[in-house]
Amino acid sequence: MPSPAINDSEPPAQPEACCVIPLPAMRSVVGDTLADGCPCMAEERLQLIASVFNATSDGIVITDQDARILEINDAFTAITGYSRSQVLGHTPALLSSGRHGPDFFLGMWEGLRTTGAWEGEIWNRRANGELVAEVLRIQAVHVGRDARLHYVGVFRDITSGKQQEWLARHDALTELPNRAMALEALQSLLPLAQRQGQQLAVCHLDFDGFMAVNEAMGPAQGDALLRTAAARVRQAVRSSDMVARFGGDEFMLLLGGLDTGSAAVPVLERVQHALAQPHTVGGESLRLSASIGVALYPGDGMAPEPLLRAADQAMYRAKQLGKNRVCWSGQGSERQAVHDALLQELGQALQAGEMCLHYQPKVCARTRRCLGVEALVRWQHPRRGLLPPGAFLPAVIGTPLEVALDRWVLREAVVQLVRWRNQGCELTVAVNVSPATLALPDLAGTVAAIVREAAPHQVLPLEGLELEVLETAALQDLEAAGRAIEACARQGIAFALDDFGTGYLSLSYLQRLPVNTLKIDRSFVASMLERRGDLHIVRAVIGLAAAFGVTTVAEGVETVEQAHVLADMGCHELQGYGIARPMPLSQLETWLHKDPAQRM
């Protein structure tokens, strides 16, 4: 039935249903049509019409030309739960479900204007708030000698059948489309994209470390988290996009109408941002992240199955890269050729000495004295100039170059660390370790061999060397990560958990990872002064670190105010662009002579 007035000049024709019609009211509506003939016969006809009106199982509603309800029948009350006194004088907007947009009602009014009738399916809401599906027919009726306009709506309750149909195509937990419905939609969207000369993005979204939530909090809380997360994803995409649950914590996003693949980027950024906000489940505040793989039609496939496979593979690469990121498929022939060429060139760059290290300082939160640096790889490309890691690191994920590059960075960092030690400089050096390197069968032995190669006369343990591993990478295989870190600790090699807080690491997990440092993720630091929830998370991480006797480093520090708040909360070290950007060794040595009080 139509909804409220679409505009001031055109009332909404939303007939919904009718209840008991007393004879005087019936006479006022149709009496003029019965004026001729014997009064007794007219009265009998009114009685007959009234009995039929109230005996039918279909709901009936009669409105005036302004869509104000004049009468309803008994079936109206039975279906909607509203009595006659509750609806008289109101428009059928009283029953609006909110499921239909303006276009739906514009189409309804257009049908009434052009043909005098409209028929279709509509969702309304009962008096108790429940949704009701109806088949509705509205007829414009002109009554009496002055041809007064009325609208008569007749509808039938089809909720039960609609619910069964809906359940067959939707996920019961999240109310999102299920796999079958999503595949149907994808199959129908492909020819549309081809006709319009546009691209279509098929995205495989998988929540990071979700199994740990079920283990730590129980399936009921896990389901609650899935529901809230699914709702956020749906709100973050465009109204024309589809979000479907494939099962477990795996979802598919269909983003159509793309002129270029890059048009999907802002949509996926909104999804990641929405998921990154704290989720409150069972009284606890949780952070959630997702790994997303993207395949594009037509470059990565011309049919649903190849596109889904490409999106799956891209999602797994996102997991390998450290999770909480978007990876694009490399299955398209052109993109694959570029990818392969980049890998070959990168391998040659390692041999040719084109890689170099930049160093980002970490300072004491209270004194601003430099305590150490993080070694970060750069590529001094002969034609393209200095390239940041984002320009080449994603390409090495899952290839032998991933570990080879880690080895090179570690070797160069150790050489510099030993050089500083020989000069009496006590700076520490942190080196990032990829998930593939963390998973090596004998990580401690590998690191010891690299140290001996880089500094043959250095006696182990090598103080001042720290390996950084992403929290999400450690969670991929907690037992193996714990064994690797313990073995390194016996060699005197410290470990830091990077991006701490982005996974589901709890006290029980942290006890099994003997790390020396927790690095608070920059996303919390950036928003802690605006979002109380993030401030509480930062404070909790600092307190957790204090309880375990480990150092805290706040990443992404940009402002003096952030630095003061972190210091007051007991954070040990600060790192971020507000203090110093990554810089080559020559600039670092100049920076180290800077007055600590002027370092921010």
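This tour visits a pair of packed helices and then the largest pocket of a predicted model.

**First stop: helices H14 and H16**

Select residues 400-422, which form helix H14, together with residues 443-454, which form helix H16. The two helices pack at an angle of about 50°, and their axes lie 9 Å apart. Since angles of 65 to 115 degrees count as roughly perpendicular and those under 35 as roughly parallel, H14 is therefore oblique to H16. The crossing of H14 past H16 is right-handed.

Next, display the side chains at this contact. On H14, select Arg407, Leu410, Arg411, Val414 and Val415. On H16, the partners to select are Thr446, Val447, Ile450, Val451, Glu453 and Ala454. Coloured by class, the residues of this contact comprise 7 nonpolar, 1 polar and 3 charged.

**Second stop: the largest pocket**

Keep H14 in view, as this helix also supplies at least two residues of the lining of the largest pocket. To find the centre of the pocket, select Leu376, Pro389, Leu393, Asn432 and Asp498, which lie nearest to that point among the 42 lining residues. The volume of the pocket is about 1,200 Å³.

Now add the other elements that each give at least two lining residues: strand E14 (370-381), helix H13 (393-396), strand E17 (465-470), helix H17 (471-476) and strand E18 (494-500). Of these, which supplies the largest share of the lining? Strand E14 does, with 5 residues.

Finally, colour the whole lining by class: 19 residues are nonpolar, 11 polar and 12 charged.

Methods. Residues are numbered from 1 along each chain as its sequence is written. This is a predicted model: local features need pLDDT of at least 70, side-chain atom pairs count only at pLDDT 80 or more; totals for chains, interfaces and linings use all residues. Side-chain values use heavy atoms; hydrogens and water are left out. Axes are lines fitted to C-alpha atoms, for helices over the stretch in contact, and angles run from 0 to 180 degrees between N-to-C directions. Helices (H or I, at least four residues) and strands (E, at least two) are DSSP runs, numbered from the N terminus. Angles under 35 degrees count as roughly parallel, over 145 as roughly antiparallel, 65 to 115 as roughly perpendicular and the rest as oblique. A crossing is left-handed if the near helix is turned anticlockwise from the far one by less than a right angle, and right-handed if clockwise. Contact means heavy atoms within 4.5 Å. Ala, Val, Leu, Ile, Met, Phe, Trp, Tyr, Cys and Pro count as nonpolar, Asp, Glu, Lys and Arg as charged, and the others, Gly among them, as polar. On a 1 Å grid over the protein atoms alone, a cavity is a set of points where a 1.4 Å probe fits but cannot get out, and a pocket is an open set with protein on both sides within 12 Å along at least five of seven lines; lining residues have an atom within 4 Å of a point. Grid points are joined across faces, edges and corners, and a volume is the space filled by probe spheres set on the points.
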